[in-house]
Amino acid sequence: MVVTRFAPSPSGYLHRGHAFSALMAAKAAREAGGRFILRIEDIDTARCRPEFEDAIYGDLAWLGLNWETPVRRQSEHMDDYQTALERLRAEGLIYRCFKTRTELLDEAARAPHAPVAAYVGSALPEAEEARRLAAGELFAWRLSLAAARNRLGADFDRLDFVEEGAGPVGEHGRIPASLEAVGDVILARKGLGVAYHLAVVVDDALQGVTLVTRGNDLFDAVPVQRLLQALLGLPAPAYRHHPILLGPDGKRYAKRDKAETLRGLRASGLSPAELRTELGV
């Protein structure tokens with residue numbers, strides 16, 4: 001059975017782009033006779049607020065969407081992410097990185113062809129790590145691409161994913177999960193909890209998601225998520241990326257643009273049917 005999901009972050013009010021993504025996910029499930037799931041991705045506790053979450057439910061109901069309950073809220077399932085993180089740690093696939101953002105930016109400035117996003121490092125010597133931990137220094141858990149390659153062997157270079165839509169430059173079909181430019185991504189931070197990549201692959205697996213529909217701005221996130229699925233023994237859903245909606249000024253819609261939020265459109269008198277017609281969904 002096809003299972004799709006719409007997974008917004010309650011860090012602001014939804015806009016046209018969110019409406020398009022939610023409607024596309026619901027349409028894919030409906031056309032396949034499958035299930036449509038709503039998930040609230042609220043692990044960013046500094047930005048997520050209850051009033052934005054309440055508004056999500058109201059906006060989606062206004063659009064005419066229905067979803068299964070109870071809704072999974074990431075903040076209520078941190079144990080699931082910690083279990084996955086501990087499994088990766090026990091297998092030597094992650095390491096503590098104590099570098100600050102400033103240090104990483106300085107390194108990038110000295111080596112402009114090695115961007116921060118492609119950082120590759122390694123665990124500190126045991127004594128040095130113990131000293132920093134005892135001093136209470138903050139750190140991030142990074143996924144070691146080198147360790148992942150050793151763990152998967154030849155399968156590392158054979159990782160791929162199914163794209164049913166189209167990526168930014170028209171990618172479609174079975175796509176190699178190219179990891180050359182990924183680097184050792186952050187999976188969690190001390191005191192701040194789990195990061196997006198790990199949470200989303202755990203959630204999709206636990207909720208039985210078989211088709212991920214989302215904007216193609218997240219196309220480049222697939223390789224690292226596909227790698228985590230392989231390392232954790234999780235099923236790999238198919239992906240269906242869609243174009244990002246742009247406003248009249250040619251810029252993508254943003255939560256900070258209050259006039260273009262769904263709440264703003266509702267207040268202006270726009271009906272759900274009119275918005276659906278405009279979006280072509």
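**Local geometry, helix packing and salt bridges**

Pro 70 sits in the loop that runs between α2 (50-62) and β3 (72-73). In this predicted model, the peptide bond joining Thr 69 and Pro 70 is cis, with omega at about 0°. For context, most peptide bonds are trans, and most residues other than glycine have a negative phi. A positive phi, of about 65°, is found at Gly 33, just after α1.

Helix α1 itself (residues 16-31) rewards a closer look. For its 16 residues, a rise of 1.5 Å a residue gives an expected span of 22 Å, and the end C-alpha atoms are indeed 22 Å apart, so the two values agree. Of these 16 residues, 12 are buried, and α1 is therefore largely enclosed by the rest of the structure. The buried set includes Gly 17, His 18, Phe 20, Ser 21 and Leu 23, together with several alanines, among them Ala 19, Ala 22 and Ala 25. Arg 16 also belongs to the buried residues of α1.

The chain start can be placed relative to this region. Met 1 lies in the segment before β1 (3-6) and, at 67% relative accessibility, counts as exposed. Its C-alpha atom is 11 Å from that of Glu 31, although 30 residues separate the two along the chain. Leaving aside residues up to four places away in sequence, Met 1 touches Gly 33, Gly 34, Arg 35 and Thr 210. Gly 33, one of these partners, is the residue noted above for its positive phi.

Turning to helix packing, two packed helices are described by the angle between their axes and the distance between the axes. Helix α3 (residues 78-90) packs with helix α9 (residues 222-232) at an angle of about 75°, the axes being 11 Å apart. The two helices are therefore roughly perpendicular to each other. On the α3 side, Ala 84, Arg 87 and Leu 88 make the contact, and on the α9 side Leu 228, Leu 231 and Leu 232 do so. By residue class, the contact of α3 with α9 holds 5 nonpolar residues, no polar ones and 1 charged.

Salt bridges number 26 in the structure. One of them pairs the side chains of Arg 16 and Glu 278, with an N to O distance of 2.5 Å. This pair links distant parts of the chain, since Arg 16 belongs to helix α1 and Glu 278 to helix α11 (residues 272-279), 262 residues apart. The relative accessible area of Arg 16 is 10%, so the residue is buried, whereas Glu 278 counts as partly exposed at 44% relative accessibility.

A second salt bridge brings together Glu 129 and Arg 96, at 2.9 Å from N to O. Glu 129 lies in helix α5 (residues 126-134) and Arg 96 in strand β4 (residues 94-97), so this pair ties together parts 33 residues apart in sequence. Glu 129 counts as buried, at 16% relative accessibility.

Salt bridges that share partners also form a network, which joins Arg 5, Arg 39, Glu 41, Arg 72, Asp 80, Asp 203 and Asp 204. Within this group, Arg 72 forms a salt bridge with Asp 80, and their closest N and O atoms are 3.0 Å apart. Arg 72 is buried at 10% relative accessibility, while Asp 80 is partly exposed at 29%.

How values were computed. Residues are numbered from 1 along each chain as its sequence is written. This is a predicted model: local features need pLDDT of at least 70, side-chain atom pairs count only at pLDDT 80 or more; totals for chains, interfaces and linings use all residues. Side-chain values use heavy atoms; hydrogens and water are left out. Axes are lines fitted to C-alpha atoms, for helices over the stretch in contact, and angles run from 0 to 180 degrees between N-to-C directions. Helices (H or I, at least four residues) and strands (E, at least two) are DSSP runs, numbered from the N terminus. Angles under 35 degrees count as roughly parallel, over 145 as roughly antiparallel, 65 to 115 as roughly perpendicular and the rest as oblique. Contact means heavy atoms within 4.5 Å. Ala, Val, Leu, Ile, Met, Phe, Trp, Tyr, Cys and Pro count as nonpolar, Asp, Glu, Lys and Arg as charged, and the others, Gly among them, as polar. The expected span of a helix is 1.5 Å times one less than its number of residues. Buried means under 20% relative accessible area, exposed over 50%, partly exposed in between (1.4 Å probe, protein chains only). A salt bridge is a side-chain nitrogen of Lys or Arg within 4 Å of a carboxyl oxygen of Asp or Glu.
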